[in-house]
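Please look through the structure shown here with some patience, since the paragraphs after it take it one part at a time.

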Amino acid sequence: MTQYKGYYIDNVIFNSKEDIDKFIESEAVNAYRKSVEYFASHPTMEASSYSSDKAEVLVNKFGYTWEQVEAIEIETLEAIA
């Protein structure tokens, strides 16, 4: 087994580094979605700051554009409306 970014390539759950990268990106998108949902129900400065931090991770670490982040936000808000 090989360890990569805190996960193991075990050919059961993760078969490659790309699988792990996709999983980590997916978790970051889900964290942003949850932060948007939380802010929608608790509109505080703290919730706004937390959501902004999660958005910046998507932009700075995964190369998302701000337009893509906004699209995720709109999609999330429409889903809970």
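What follows begins with one helix, moves to the cores and the largest pocket, and ends with a single arginine.

The model is a predicted one, and a convenient place to enter it is helix H2, which runs over residues 45–62. With 18 residues at 1.5 Å a residue, helix H2 should span 26 Å, and because its end C-alpha atoms lie 25 Å apart, the expected and computed lengths agree. The buried residues of H2 are Ala47, Ser51, Ala55, Leu58 and Val59. They are on the same side of H2, because the arc that they cover around the axis is only 110°. This fits a general pattern: an α-helix has 3.6 residues a turn, so residues three or four places apart point the same way. On the face turned away from that buried side, H2 carries the exposed residues Met45, Glu46, Asn60 and Lys61. The buried residues, for their part, pack against helix H1 (17–41) and helix H3 (66–80). Just after H2 comes Gly63, which takes a positive phi of about 75°.

The contacts of H2 lead on to the nonpolar cores. The largest nonpolar core has ten residues in all, namely Ala28, Val29, Tyr32, Val36, Ala55, Leu58, Val59, Tyr64, Val69 and Ile72. At least two residues of this core are supplied by each of H1, H2 and H3, while the largest share, four residues, comes from H1. One member of the core, Val59, touches Tyr64, Thr65, Trp66 and Val69, when residues up to four places away in sequence are not counted. There is also a second, separate core of five residues, and among them are Ile9, Phe14, Ile20 and Ile24. In soluble globular proteins, nonpolar side chains tend to be buried together.

Where, then, is there open space? The largest pocket holds about 150 Å³, and its lining includes Tyr32, Ser35, Val36, Phe39, Ser51, Ala55, Trp66, Val69 and Glu73. The elements that give two or more residues to this lining are H1, H2 and H3.

A last stop is Arg33, which is found in helix H1. Is Arg33 buried, exposed or partly exposed? Its relative accessibility is 23%, and because buried means under 20% and exposed means over 50%, Arg33 counts as partly exposed. Although Arg33 and Glu73 are 40 residues apart along the chain, their C-alpha atoms are separated by 6.8 Å. Leaving out residues up to four places away in sequence, Arg33 touches Ile72, Glu75 and Thr76.

Note on methods
Residues are numbered from 1 along each chain as its sequence is written. This is a predicted model: local features need pLDDT of at least 70, side-chain atom pairs count only at pLDDT 80 or more; totals for chains, interfaces and linings use all residues. Side-chain values use heavy atoms; hydrogens and water are left out. The expected span of a helix is 1.5 Å times one less than its number of residues. Buried means under 20% relative accessible area, exposed over 50%, partly exposed in between (1.4 Å probe, protein chains only). The arc is that of the directions from the helix axis to the C-beta atoms. Contact means heavy atoms within 4.5 Å. A nonpolar core is a set of buried Ala, Val, Leu, Ile, Met, Phe, Trp, Tyr and Cys residues joined through side-chain atoms within 4.5 Å. On a 1 Å grid over the protein atoms alone, a cavity is a set of points where a 1.4 Å probe fits but cannot get out, and a pocket is an open set with protein on both sides within 12 Å along at least five of seven lines; lining residues have an atom within 4 Å of a point. Grid points are joined across faces, edges and corners, and a volume is the space filled by probe spheres set on the points.
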